[in-house]
Amino acid sequence: MSLNGKAYIVGAYEHPTRKADELSVVRLHADVAKGALDDAGLRKDDIDAYFCAGDAPGLGTTTMAEYLGLQLRHVDSTECGGSAPILHVAHAAAAIAAGRCNVALITLAGRPRAAGAALSLKAPDPDAPELAFELPFGPATQNLYGMVAKRHMHEFGTTGEQLAWIKVAASHHAQHNPNAMLRNVVTVEEVVSSPMVSDPLHRLDCCVMSDGGGAIIVARPEIARDIAARQKRPMVKVRGTGEAPKHSMGGRIDLTYSAAAWSGPAAFAEAGLVPADIQYASLYDSFTITVLMQLEDLGFCKKGEGGRFVQDGGLISGVGRLPFNTDGGGLCNNHPANRGGVTKIIEAVRQLRGEAHAAVQVKNCGLALASGIGGALASRHTAGTLIMERV
Amino acid sequence: MSTRQDKPARPAGPRRIPAPRVLPESQAFWSAADEGRLVIKKCNACGEVHHYPRDVCPHCLSTDTAWLQSAGAGVVYSFSTMGKGDAAYTLAFVTLDEGVTLMTNLVDCDPRALAIGQRVKVIFKPSDGGHPVPMFTPA
């Protein structure tokens with residue numbers, strides 16, 4: 001069953017905080033839920049489905065339903081790291097199409113910065129079968145992505161300067177976002193001369209560490225039409241969805257592509273579109289190399305040509321061929337709970353509604369894409385692709 | 001921008017190598033490591049090798065898998081060096097001549113002189129209170 005047109009995004013909200021010293025994780029989830037309800041003009045009791053991932057405390061959907069006082073008939077706690085909210089939108093659309101719910105709430109939130117634990121993620125599961133064959137060697141997020149970048153440079157001649165252009169584009173957008181953590185516009189020279197974190201990635205190739213979160217509300221078409229009329233704004237249709245994990249494949253490791261090479265074509269097929277139709281893209285930007293990989297794997301350019309695609313402002317709104325992450329993205333704005341999926345959807349919704357900052361708003365933006373990579377490119381990750389249309 | 005990287009580096013010293021937590025199905029791997037031998041898994045049903053080692057072949061789901069002695073030689077697939085001074089270490093993927101690629105460290109070498117495609121050989125290094133772990137050094 002195609003999900004094209006079966007559901008609409010009717011609410012979206014990004015928490016303004018970037019350091020939540022006085023707010024608990026559950027409170028952040030509640031804040032963004034309330035924000036998204038207000039954006040949609042809905043009430044708590046309109047929600048009959050709830051989605052969250054591993055960033056929610058306790059028993060996830062159960063704990064959050066209790067805290068928020070939700071009466072639900074459908075829950076989904078699909079956990080795949082930062083891409084989870086993108087999968088949640090697809091799963092919500094499927095549940096709506098199957099008649100299992102009408103209005104689905106998705107939340108993501110966390111406070112790793114206030115907790116001082118941005119680099120020490122959850123303790124590894126001792127039963128994870130790969131643990132003994134990885135942990136002794138010190139895989140950190142930075143060096144795992146460093147290996148992906150180094151292999152890409154080796155295979156395709158990609159340069160540090162080309163990767164730097166991705167950060168430069170994000171910084172051009174972030175200067176207009178008052179909530180962004182890093183609002184200063186940077187140059188290629190500044191990126192490649194920033195301290196080396198894990199070669200070949202410099203500090204400015206890495207995303208920020210931030211607290212906060214975001215929420216999305218997905219509803220069936222009849223409800224979305226009522227809301228659009230009431231709120232006097234365009235509707236945001238779920239047009240195409242795709243998801244896929246990629247892993248070490250029994251030791252047949254190939255770092256030159258991501259699972260977006262599978263989730264992307266599925267989403268474009270469901271949408272009946274091709275990459276050239278997309279006017280704005282939210283691309284997961286844990287590191288600059290993550291963006292480059294998705295551009296190639298989603299088909300915006302050929303494999304190996306990502307460096308040339310992004311250089312000379314290729315991703316800057318109003319300048320380049322594909323405006324990306326016009327809120328500043330994870331590289332400059334916000335990467336709440338070390339998970340960038342929900343903010344990717346939110347900025348795409350802003351673009352489709354014409355609610356992005358005027359300096360970065362894509363003119364007449366009718367088709368947008370949000371892409372997530374949860375986990376780590378070099379070891380195991382899950383990609384989610386979501387194509388949305390303004391109607 | 002202020003981040004933890006701006007702070008003066010603490011005298012971190014060499015990185016601690018956590019002892020591998022051994023699951024029953026990989027016990028033989030670590031017993032071989034105690035003897036300085038690198039072994040990988042091969043499936044008797046489909047003939048394919050795999051890593052990390054499992055009872056169940058990830059290529060065909062047969063449980064008829066057996067241990068294969070590796071020559072301990074291969075090439076660097078990719079690597080990345082993180083940290084400063086004594087605390088610097090190089091994470092890598094090495095592709096063994098037997099065909100599997102495994103996560104490891106490149107050691108006893110100048111990381112700046114390493115290259116993708118370079119030939120390397122296994123060298124076992126002690127872990128913190130557990131079995132030795134297979135690392136690689138230029139051949």
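**Figure 1. Helix α1 of chain A lies across three strands.** In this predicted model, helix α1 (residues 25-40) of chain A crosses β1, β4 and β7 of chain A. Its direction makes an angle of about 40° with β7(A). Two of the strands it crosses, β1(A) and β7(A), pair with each other in the antiparallel sense, over 6 bridges. One position in β7(A), A:Ala215, stands opposite A:Tyr13.

**Figure 2. Nine strands of chain A form an open sheet.** The strand order is β3-β2-β4-β7-β1-β8-β11-β10-β9, and the pairing is mixed. Which strands are at the edges of the sheet? They are β3 (74-76) and β9 (280-283) of chain A, and each of these pairs on one side only. On average, neighbouring strands of this sheet are turned by 20° against each other, direction ignored. Chain A as a whole has 13 helices and 11 strands.

**Figure 3. Chain A is assigned two domains, and they touch.** Domain 1 covers 8-116 + 211-233, and domain 2 covers 139-206 + 238-390. Taken over C-alpha atoms, the centres of the two domains of chain A are 23 Å apart. Domain 1 puts 29 residues into the contact and domain 2 puts in 30 residues. On the side of domain 1 of chain A that touches domain 2, at least two residues each come from β1 (8-14), α3 (84-97), β4 (103-110) and β7 (212-219) of chain A. The largest share of that side is from α3(A), with 7 residues. Sorted by class, the side has 16 nonpolar, 8 polar and 5 charged residues.

**Figure 4. Chain A fits the expectation for a compact globule.** For 391 residues, a compact globule would have a radius of gyration near 21 Å; the value for chain A is 19 Å, so the two agree. Along the principal axes, the C-alpha atoms of chain A fill a box of roughly 55 × 50 × 40 Å. Of the residues of chain A, 60% count as buried. Among contacts in chain A between residues at least 6 apart in sequence, 77% join residues at least 24 apart.

**Figure 5. Chain A and chain B are in contact.** Chain A contributes 30 residues and chain B contributes 34 residues. On the side of chain A that touches chain B, α5 (141-156) and β5 (196-198) of chain A each supply at least two residues. Helix α5(A) gives the most to this side, with 7 residues. The side of chain A has 16 nonpolar, 8 polar and 6 charged residues.

**Figure 6. A:Asn143 in helix α5 of chain A has contacts in both chains.** Is A:Asn143 buried or exposed? A:Asn143 is buried, because 26 other C-beta atoms lie within 10 Å, and the cut-off for buried is 20 or more. Neighbours within four places in sequence aside, A:Asn143 is in contact with A:Ser198, B:Ser80, B:Met82 and B:Leu91. A:Arg239 stands 96 residues away along the chain, and its C-alpha atom is 36 Å from that of A:Asn143.

**Figure 7. Three strands of chain B form an open sheet.** The order is β2-β1-β3 and the pairing is antiparallel. The edge strands are β2 (49-50) and β3 (65-69) of chain B, each of which pairs on one side only. Strand β1 (residues 39-43) of chain B pairs with β3(B) over 5 bridges. B:Cys43 stands opposite B:Thr65, a residue of β3(B).

Note on methods. Residues are numbered from 1 along each chain as its sequence is written. Chains are lettered from A and ligands numbered from 1 in the order in which they are written. This is a predicted model: local features need pLDDT of at least 70, side-chain atom pairs count only at pLDDT 80 or more; totals for chains, interfaces and linings use all residues. Two residues are in contact if their C-beta atoms, placed from the backbone, lie within 7 Å. Helices (H or I, at least four residues) and strands (E, at least two) are DSSP runs, numbered from the N terminus. Ala, Val, Leu, Ile, Met, Phe, Trp, Tyr, Cys and Pro count as nonpolar, Asp, Glu, Lys and Arg as charged, and the others, Gly among them, as polar. The radius of gyration is taken over C-alpha atoms; the globule rule is 2.2 Å times the number of residues to the power 0.38. A residue is buried if 20 or more other C-beta atoms lie within 10 Å of its own, exposed if 12 or fewer, and partly exposed in between; C-beta atoms are placed from the backbone. Domain bounds come from an automatic or database domain assignment. Two strands pair if DSSP finds at least two bridges between them. Axes are lines fitted to C-alpha atoms, for helices over the stretch in contact, and angles run from 0 to 180 degrees between N-to-C directions.
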